[in-house]
Structure formats: structure tokens, C-alpha cells
Amino acid sequence: MAAFNLTPSEPSTFFLTGIPGLEAAHIWISIPFSTFYIISLLGNFTLLCVVCKEQTLHKPMYLLLCMLALTDIATPTFVVPKALCIFWFNLKGITMAGCLTQMFFLHTVSVMHSGTLVTMAFDRYVAICNPLRYATILTNARIAKLGLVGLIRAVLFILPLPLILSQQPFCANRIIPHTQCEHIAVAKIACGDITFTRIYGLVLIFVISGFDLTLIALSYGLIIRDVLRISSKNAHQKALNTCTAHICVMLTYYTPGLFSNLIYRLGQGIAPHVHIILADLSLLIPPVLNPIIYGVRTKELRDKVDKYTCCRR
């Protein structure tokens, strides 16, 4: 393994090590990385193409699926290409500006993803609890506005992270033991006081995830209340089936994401490569599973995908 050459002529260069302790296995680790990335791109681009081409799918629910697919394309795209450069070509250098830019976009898309899941929960609540007013409450224009609000919220919450770190002095040893410029990994190589940025990052996790999960839980609480009032078992089943895909997608996103973040910040005595692998999987697995879950659980979408795949055959 070549030693890093950190000289005064490279004041703004950071070095991502990949997965420390597993450098000899980087080539093998790159196989699932690239496989997950390709599958996620194929699945999400297929979903986007089908929804764009099919006029009958230009509905709020499918527009939300498109928003989710866009975040699922962006998330691994901000991480995997650089990780593969590390694994395949040992290209570990990244400028400070590039590192902070990756951090900003990665965390912004994550917050947007969470906001989209909240909107999808509200969509299911209106569809089940107030179906007669669904078309007037959730129009395509309103979904677009909610998406814009989600983007603005994400930018306002995340922008302070790179701005604060850009003002920090960094040590001569600018080695980040990670595959990506994750916020706390970059903060740890700063020589100044990072108490504020650490607290702000931790508060963001609890505030954003806590607020979004509360709204989702409220939506499903109201759905369950209304479903239990229905006497027909078939109606119970039909109503709950419409929520299954969203619940699965929500679990694949929040469970590994929250676990990875908390372990990375609070976990002591856990090997660094475990932290990094968990962080990478939390970004790679949801984009792979989401189009599969919705493709399997949503009959209308599944039929349209089958229509195009059969035509090509």
C-alpha cells in the first residue's frame, strides 16, 4: 500500500482510505458495490421511464414514486463512483471543496428521501380515510409544491454542516477512514473544536428523523383507526395492502440508516470497518429494494412494467 504524500503544496487535499483493515479485499468488496449500484440504476430508471411514458400513471402516488426514485438514483451516485475509484485504482485523493460538496449533496438527498416518505404516508392516509376528496386534496401540482418544500427544508438543514467545517482548521494528517465524506468522519480530522458541529449533526438526526417518523406514525395511526371501523374483512385487507409497500420501503430506509448513524457516533469498541460497511449498506440497499418492492406490491405499476418488457422480448 503506497504511503500518502501529504505536503504543504497539497493544503486542500483529503484522502479517503476506503475500508480500513480490509484493503486487501477492496477488489472483492467492489463487486457487490458495483452490482448494487447497477441494479439500483436499472430499477429506478425503469420506474421513471414507465411512469413518464404511461399517461394513466400520471397520478400523485406515482409522482411520489418518481421523487423517491430520483433520490434513490442520486444517493449511490454520490458515493459509489468515488468508492470504486478507491477500490480499483487506489485514487484516494479528494479536494476539500469536493469532499464538502459530496457531504452536502449526500445528506441533502437523504433528508429529501425522508420528506418524500412522509408525503407518501399522507398520500396513503388521504386515499384510505378520505377517498372522495383525494383528487382535490392531492393534485399533481400540490405534490410538486410539497417536493419543492422538501428540497428547501433539506438545503436549510444541511447547508450549515459543510459551511461550519469549511471554517475549521484541519490537521496535517488529512486521512478520512471512510469510502465517503460522511459528516462526522470529516469532522474528526479537524484540529479545532468540533463540539458544535457534532451536536448539530446529532440534533439533526433526532429532529428530522423524529419529526418525520412522528408524522408517519400519526398518518398510520389514523389509517388503522379508520380501518378498524370498517366491518368488512375484505375491506380491511384491501386497505392494509395499499400500505404494505410504503411500510416496507420505510423500514428499509430508517432502520439501517438510524442504526448506522447512531453506531458511528455513539458506538465504542466497534471495529471501524464495521461502521463503514454499515454506512455504505444503508445507502446502497434501499435504492436496490425500493423499485422491487413497489414493482411487486403495486399491480398497476407491475402490469405496465410487464407490458414494456414483453414488448421488447
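1. Helix 4 (residues 96–129) lies across strand 1, strand 2 and strand 3, and runs at about 85° to strand 2. The model under discussion is a predicted one, and the points below take up the sheet, a nonpolar surface patch and one buried threonine.

2. The sheet that helix 4 crosses is an open one of three strands, in the order 2-1-3 and with mixed pairing. Strand 2 (93–95) and strand 3 (175–176) are its edges; each has a single partner strand, so one side of each is left without a neighbour in the sheet.

3. The mixed character can be followed pair by pair. Strands of a sheet pair through backbone hydrogen bonds, in either the parallel or the antiparallel sense. Here strand 1 and strand 2 are antiparallel, joined over three bridges, with Phe-14 opposite Ile-94 of strand 2. Strand 1 (residues 13–16) pairs with strand 3 in the parallel sense, over two bridges. In that pairing Phe-15 stands opposite Ile-175, and Leu-16 stands opposite Ile-176.

4. Strand 1 is covered on both faces. In a regular strand the side chains alternate between the two faces of the sheet. Thr-13 and Phe-15 are on one side of strand 1, Phe-14 and Leu-16 are on the other, and all four are buried.

5. A nonpolar patch on the surface deserves a separate remark. The patch is formed by Ile-27, Trp-28, Ile-31, Trp-88, Phe-89 and Leu-91, which together have about 700 Å² of accessible area. Helix 1 (26–53) and helix 3 (80–89) each supply at least two of the patch residues. The largest share, three residues, comes from helix 1.

6. Within the patch, Phe-89 may be singled out. This residue belongs to helix 3. Phe-89 counts as exposed because its relative accessible area, 52%, is over the 50% cut-off.

7. Is Thr-197 buried or exposed? Thr-197, a residue of helix 9 (residues 195–228), has a relative accessible area of 2%; this is under 20%, and the residue is therefore classed as buried. Apart from neighbours within four places in sequence, Thr-197 is in contact with Leu-161, Ile-164, Leu-165, His-183 and Ala-187.

8. In summary, two contrasting side-chain settings should be kept in view when the model is read. Phe-89 is exposed and forms part of the nonpolar surface patch, whereas Thr-197 is buried.

Methods. Residues numbered from 1 in each chain as written. Predicted model: local features only at pLDDT ≥ 70, side-chain atom pairs only at ≥ 80, totals over all residues. Heavy atoms only, no water. Patch = residues over 30% accessible without salt bridge, like charges linked within 9 Å, V, L, I, M, F, W, Y side chains within 5 Å. Areas by Shrake-Rupley, 256 points an atom, 1.4 Å probe, with all protein chains shown as cover. Salt bridge = Lys/Arg side-chain N within 4 Å of Asp/Glu carboxyl O. Buried < 20%, exposed > 50% of the residue type's maximum accessible area, 1.4 Å probe, protein only. Pairing = 2+ DSSP bridges. Contact = heavy atoms within 4.5 Å. Axes fitted to C-alpha atoms, helices over the stretch in contact; angles between N-to-C directions.
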